[in-house]
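Colleague: Please take a close look at one part of this model for me. I would like the charged side chains and their surroundings, in one connected account.

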Amino acid sequence: MQVLVRDNNVDQALRVLKKKMQREGLFREMKQRRSYEKPSERKTREKSEAIRRARKLARKKAQREGLIPDTRKKKIDDKRNGQRPGMGGGTSGGMGGGMGGGRGFGDRPATPRF
């Protein structure tokens, strides 16, 4: 696996490397190899992973065919009057958000992100 460092920006290169490793499943495999896995446990895990993959594929196929609704969150593009989604009415103006306490997310309480 190879990542190019541009303009001595090591942080960006490290971010790209971590993303590539995540996609390849390297972190999952490292965590799994920390302890011994019995062959019977390995078989059951691989079987359940295969079932999960098959279900996901069938769900996506059904969503494409319109048999079940798409449950993913859709990005809201609210272009009327230059409003951002969740900012309340367009009468308050600016970043205040009206009576929402200045958070800009309506009545939803501020949740810390760790």
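Modeller: Arg42 has a relative accessible area of 45%. That makes Arg42 partly exposed, because the label exposed is kept for values over 50%. Bear in mind that this is a predicted model.

Arg42 has a charged partner. The side chain forms a salt bridge with Glu46. The closest N and O atoms of the pair are 3.2 Å apart. Why can these two pair up along the chain? Arg42 and Glu46 sit four residues apart in helix α3, so about one helical turn separates them. Glu46 is also partly exposed, at 34% relative accessibility.

Move on to the next pair. Glu49 forms a salt bridge with Arg45. Here, too, the closest N and O atoms are 3.2 Å apart. Glu49 and Arg45 both lie in helix α3. They are four residues apart, about one turn of the helix. Glu49 has a relative accessibility of 23% and counts as partly exposed. Buried would need a value under 20%.

This pair does not stand alone. Glu37 joins Arg45 and Glu49 in a network of salt bridges.

Another bridge involves Arg33 and Glu29. Their side chains meet at 2.9 Å, N to O. Arg33 counts as exposed, with 64% relative accessibility. Glu29 is partly exposed, and its relative accessible area is 36%. In total, the structure holds four salt bridges.

Now back to Glu49, which has a second role in this picture. Besides its bridge to Arg45, Glu49 helps to line the largest pocket. The other lining residues are Arg28, Arg52, Arg53 and Lys56. How is the lining made up by class? It has five charged residues, no polar ones and no nonpolar ones. Which element gives the largest share? Helix α3, residues 39-65, supplies four residues of the lining. The volume of this pocket is about 210 Å³.

To pull it together, follow helix α3. The Arg42 and Glu46 pair lies in this helix, about one helical turn apart. Arg45 and Glu49 lie in it as well. The helix also gives the largest share of the pocket lining. Glu49 is the residue to keep in view: it belongs to the network with Glu37 and Arg45, and it is one of the residues lining the largest pocket.

How values were computed
Residues are numbered from 1 along each chain as its sequence is written. This is a predicted model: local features need pLDDT of at least 70, side-chain atom pairs count only at pLDDT 80 or more; totals for chains, interfaces and linings use all residues. Side-chain values use heavy atoms; hydrogens and water are left out. On a 1 Å grid over the protein atoms alone, a cavity is a set of points where a 1.4 Å probe fits but cannot get out, and a pocket is an open set with protein on both sides within 12 Å along at least five of seven lines; lining residues have an atom within 4 Å of a point. Grid points are joined across faces, edges and corners, and a volume is the space filled by probe spheres set on the points. Helices (H or I, at least four residues) and strands (E, at least two) are DSSP runs, numbered from the N terminus. Ala, Val, Leu, Ile, Met, Phe, Trp, Tyr, Cys and Pro count as nonpolar, Asp, Glu, Lys and Arg as charged, and the others, Gly among them, as polar. Buried means under 20% relative accessible area, exposed over 50%, partly exposed in between (1.4 Å probe, protein chains only).
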